[in-house]
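Visitor: I would love a short tour of this one. Could we start inside and work through a few questions together?

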Amino acid sequence: MNKDTVKKIITDSIRVLAFVIAFLLILELLSQTVFSAENSAGQNRRMADAYSFIEDEPNTTDIICLGSSDMYSGFVPITLWEQFGYTSTVACCSHQTINEALTLLKTARETQDIKLAMLEIDTLYDGRGPNNVIRKESNLFENLFEKVDPEIFEMDIERQFPIFTYHNSWKLDKSKTKRRKYSHGYLFNRTVVEIPQSNYMRYTDEKDYPIPSNIIALRSFAEYCKQEGIELVFVEMPSLTSWNYARHNAVSEISEELGVELLDLNFSYDEIGIDQTNCFRDKGNHLTYEAAAKTTVYLGNYIKENYDLEDHRNDERYSVRWNSDAENFKKYYKIEK
């Protein structure tokens, strides 16, 4: 190979490298400005409220709730604040995956000192009814390919460069994507649907496992929390339509393996103080506001007994904003004090 050829190869390589570097810098610039999560999440109907923490002052949110609609219908940050002085955000969206939950947690950690993550564990089974049972991970080759999960890679890229997540946000109807007022991610709904009593949590020793890729993603989620010093608890909100004892058994086994506490509230109607026949706004999947407030108090007592979180009600750095939000939340949704 002569000198001219070597020189041309080096020159071409430098040009390619310079192009790649310039391209990445432009992506990063656009991701941090025009297409940042803060600028664009509000234009994405599914994700807008999941990113409500971007409106919080830095390092003022202690608790993050993750998962799908069961959590954003069942946990009321304003109630938690008024009763316990803990600050929280409900970073949930419909059909949220474990990888999406991890992406949201990592994003929140960029501005918030999250101390406790509460993951609504039903998200492991999203899209699969309780009668469609998986007994155990199947064969070696299936599990091998499950471990090479393209979604994990995709989520990492989207977190690093939000332009890939929000590049189509301009197409959405902005009038329909406003973030819910004063709720910190909670979906307020007072509708009550009367349903018959159900023995959906009758005992069985069977186990209905999540698909292997979801178990792998959950392990990654738990490992991230451990590495970052974030306390983690798995929560299963009351749900007649998507939960049963076989799923409880499987998740209990996984929780024990990961060393994470599981709070299955499907056993706790009486302790919470809600009635299965009138605590849902639908046919047994999403709690009404009154039931969600009681569930939040129940979880608040659990947090108080098990975690060393600070009551911020006497700290003006927190109380000015949160007391204002509490007052406006009640006024906006016509809640009697």
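**Cavities and core**

Guide: Gladly! In this predicted model, the largest cavity encloses about 40 Å³ of space.

Visitor: How many cavities of 30 Å³ or more does the structure hold?
Guide: The largest cavity, at about 40 Å³, passes that cut-off. Counting every cavity of 30 Å³ or more gives a total of 2.

Visitor: Which class, nonpolar, polar or charged, has 4 residues in the lining of the largest cavity?
Guide: The lining is made up of Asp-56, Glu-57, Thr-60, Arg-317, Tyr-318, Arg-321 and Trp-322. Of these, 2 are nonpolar and 1 is polar. The class with 4 residues is charged.

Visitor: Let's move to Phe-84 in helix H4. Is Phe-84 buried or exposed?
Guide: Helix H4 covers residues 77-84, and Phe-84 lies in it. The relative accessibility of Phe-84 is 8%. Because the cut-off for burial is under 20%, Phe-84 counts as buried.

Visitor: What distance separates the C-alpha atoms of Phe-84 and Ile-303?
Guide: Along the chain, Phe-84 and Ile-303 are 219 residues apart. Leaving aside neighbours within four places in sequence, Phe-84 touches residues including Gly-300, Asn-301 and Lys-304. The C-alpha separation between Phe-84 and Ile-303 is 9.4 Å.

Visitor: Which residues touch the most other members of the largest nonpolar core?
Guide: That core has 84 residues. Leu-119, for instance, is in contact with Leu-66, Ile-98, Phe-221 and Val-235, among others beyond four places in sequence. The residues touching the most other members are Met-118, Leu-119 and Phe-221.

Notes:
Residues are numbered from 1 along each chain as its sequence is written. This is a predicted model: local features need pLDDT of at least 70, side-chain atom pairs count only at pLDDT 80 or more; totals for chains, interfaces and linings use all residues. Side-chain values use heavy atoms; hydrogens and water are left out. On a 1 Å grid over the protein atoms alone, a cavity is a set of points where a 1.4 Å probe fits but cannot get out, and a pocket is an open set with protein on both sides within 12 Å along at least five of seven lines; lining residues have an atom within 4 Å of a point. Grid points are joined across faces, edges and corners, and a volume is the space filled by probe spheres set on the points. Ala, Val, Leu, Ile, Met, Phe, Trp, Tyr, Cys and Pro count as nonpolar, Asp, Glu, Lys and Arg as charged, and the others, Gly among them, as polar. Helices (H or I, at least four residues) and strands (E, at least two) are DSSP runs, numbered from the N terminus. Buried means under 20% relative accessible area, exposed over 50%, partly exposed in between (1.4 Å probe, protein chains only). Contact means heavy atoms within 4.5 Å. A nonpolar core is a set of buried Ala, Val, Leu, Ile, Met, Phe, Trp, Tyr and Cys residues joined through side-chain atoms within 4.5 Å.
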